[in-house]
Amino acid sequence: MTATDLYWDPFRHDIWVDPYPIYKRMRAEAPVYYNEEHDFYAFARWDDVDRGLPDIEHFSNARGNIYEFIKSGIEMPPGSVIFEDPPSHDIHRRLVSRLFSPGGIRALEPKIRDYVARQLDPVRDGESFDVIDILSDKVPMRVIGMLVGIPEQMQQSVRDRTVANLKTEEGGKIDAEASQIATDIFESYIDWRIANPSDDIMTKLLNVEFEDHDGTTRKLTREEILVYCAVIAGAGNETTGQLMGWIGKIFGEENNQAQYQEVVADPSLSARAVEEILRLEPVGQAVGRYVTKDVEFHGQTIPEGSTALFIVGSAGRDESKFANPDDLDIHRDITAQRSFGYGLHYCLGANLARMEGRIVLEELAKRFPKGWDVEWNDAKLASTSTVRGWEKLPIVLRK
């Protein structure tokens, strides 16, 4: 490093609150950043994130994409998809992708819109509400329930467990052992669905036959089905919910009010606005990989056995890629987006998350044309090293 005082630590809450000034220095001063205390290499430039994420020859996803999981060496169960490398990854991903077909996603839009409306209508004439309580904690889990068929009475307990697994003590790390993919909560659901088959996607997954990587034709095991449920419920829950939180925060800032008014006047701008918010405040700030072979970046060797963190939160604000990267610009032409990852492990639910964000913004603009202000005294950033977002985000409606 060229500056001895440059320090980035994803477990430090004071840094986590606003990491972007440090990211800017890392891009300029330390494109290959090594944290000796936690023993990881980090890459903050767009070009390096763009190079590293799809490079499955040197960077493995088999230990997970979160620092604590990579370091733990925990073996992930088969079917976890986001914690696999080819060929198993390719087989399982093709099966899971059936859940996220374009037609299936589009068919959910009226149902999602109706649910968002029912969440917002009771607070429409009030003075204030908490975006996390009304939207983030409710909408994504309900959508996952619609997608997979998870019964409504199970959804809140699934949501609560997901949040608990990601939450840390301030400055602490995730307990990887305690936070492994938990499938027990879905046992009764799978039994019920086996006894009550229907035309839903889960029934299809229970009965689908496929060719495994060893050439045999088989059905998914019960454990694989349970893992699918857990992964989809977890991955599509907290991340999408925090996107809704960032919509509330960013459009609650005074300097973004004019652009919010543009969305109110022209709701077709909502999709572009959500894309810009994803660039500006990606929920997942860094994507981890385990280094399987020595690899060189900027003349420095990253040794086999290392942990690498690719900081998409920094890449989205790289001056070499985006003009005025720290500013919201809902008219920005974003031809590439790394907030959902890149390469083989690009988020399968990306289009669903985008649609949920767009619907939420459209319904907010419809009901609250004058906008809102964030009640900062009561707002609280969630304590976690993985998903950056809000635990509480109360807003006061403008009248």
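A helix here is a DSSP run (H or I) of at least four residues, and helices are numbered from the N terminus. All views show a predicted model.

**Figure 1. The whole protein contains 17 helices and 14 strands.** The C-alpha atoms fill a box of roughly 65 × 65 × 35 Å along the principal axes. A compact globule of 399 residues would have a radius of gyration near 21 Å, and the protein has 21 Å, so the two agree. Of the 399 residues, 56% are buried. Take the contacts in the protein with a separation of 6 or more: 72% of them join residues 24 or more positions apart.

**Figure 2. The largest pocket takes part of its lining from helix α13.** The space inside is about 280 Å³. How many residues line the largest pocket? The lining has 18 residues. Nearest the centre lie Lys 249, Glu 253, Leu 280, Glu 281 and Arg 317. Helix α13 (residues 238–250) gives the largest share of the lining, with 3 residues. By type, the lining divides into 8 nonpolar, 2 polar and 8 charged residues.

**Figure 3. Helix α2 has buried residues on one side.** The helix spans residues 20–29. Its buried residues are Tyr 20, Ile 22, Tyr 23, Met 26 and Arg 27. Why do they share a side of α2? They cover an arc of only 155 degrees around the axis, which puts them on the same side. An α-helix has 3.6 residues a turn, so residues three or four places apart point the same way. Several elements cover the buried residues of α2, including α1 (13–16), β1 (33–35) and β2 (40–43). From later in the chain come α15 (270–280), β10 (307–311) and α16 (312–315).

**Figure 4. Gly 313 sits in helix α16.** Is Gly 313 buried or exposed? Its relative accessibility is 0%, so Gly 313 counts as buried. Leaving out residues up to four places away in sequence, Gly 313 touches Tyr 20, Tyr 23, Pro 282 and Gln 285. Tyr 20 and Tyr 23 are among the buried residues of α2. Leu 280 is 33 residues from Gly 313 along the chain, yet their C-alpha atoms are separated by 7.6 Å. Leu 280 also appears in Figure 2, among the residues nearest the centre of the largest pocket.

**Figure 5. A cis peptide bond joins Pro 86 to Pro 87.** Omega of this bond is near 5 degrees. Where is Pro 87 placed? Pro 87 lies in the loop between α4 (67–72) and α5 (88–96).

**Figure 6. His 298 and Asn 324 have positive phi values.** Neither residue is a glycine. Phi of His 298 is near 50 degrees. His 298 lies in the loop between β8 (295–297) and β9 (300–302). With 46% relative accessibility, His 298 counts as partly exposed. Phi of Asn 324 is about 45 degrees. Asn 324 lies in the loop between α16 and α17 (350–367). Its relative accessible area is 55%. The cut-off for exposed is over 50%, so Asn 324 is exposed.

**Figure 7. Asn 377 lies in a loop between two strands.** The strands are β11 (372–374) and β12 (380–381). Asn 377 counts as exposed, at 73% relative accessibility. Pro 394 is 17 residues away along the chain, and the C-alpha atoms of Asn 377 and Pro 394 are separated by 9.2 Å.

How values were computed: Residues numbered from 1 in each chain as written. Predicted model: local features only at pLDDT ≥ 70, side-chain atom pairs only at ≥ 80, totals over all residues. Heavy atoms only, no water. Buried < 20%, exposed > 50% of the residue type's maximum accessible area, 1.4 Å probe, protein only. Arc of directions from axis to C-beta. Contact = heavy atoms within 4.5 Å. 1 Å grid on protein atoms, 1.4 Å probe; cavity = no way out; pocket = protein on both sides within 12 Å on 5 of 7 lines; lining within 4 Å. Points joined across faces, edges and corners; volume = space filled by probe spheres on them. Nonpolar A, V, L, I, M, F, W, Y, C, P; charged D, E, K, R; others polar. Rg over C-alpha atoms; globule rule 2.2 N^0.38 Å.
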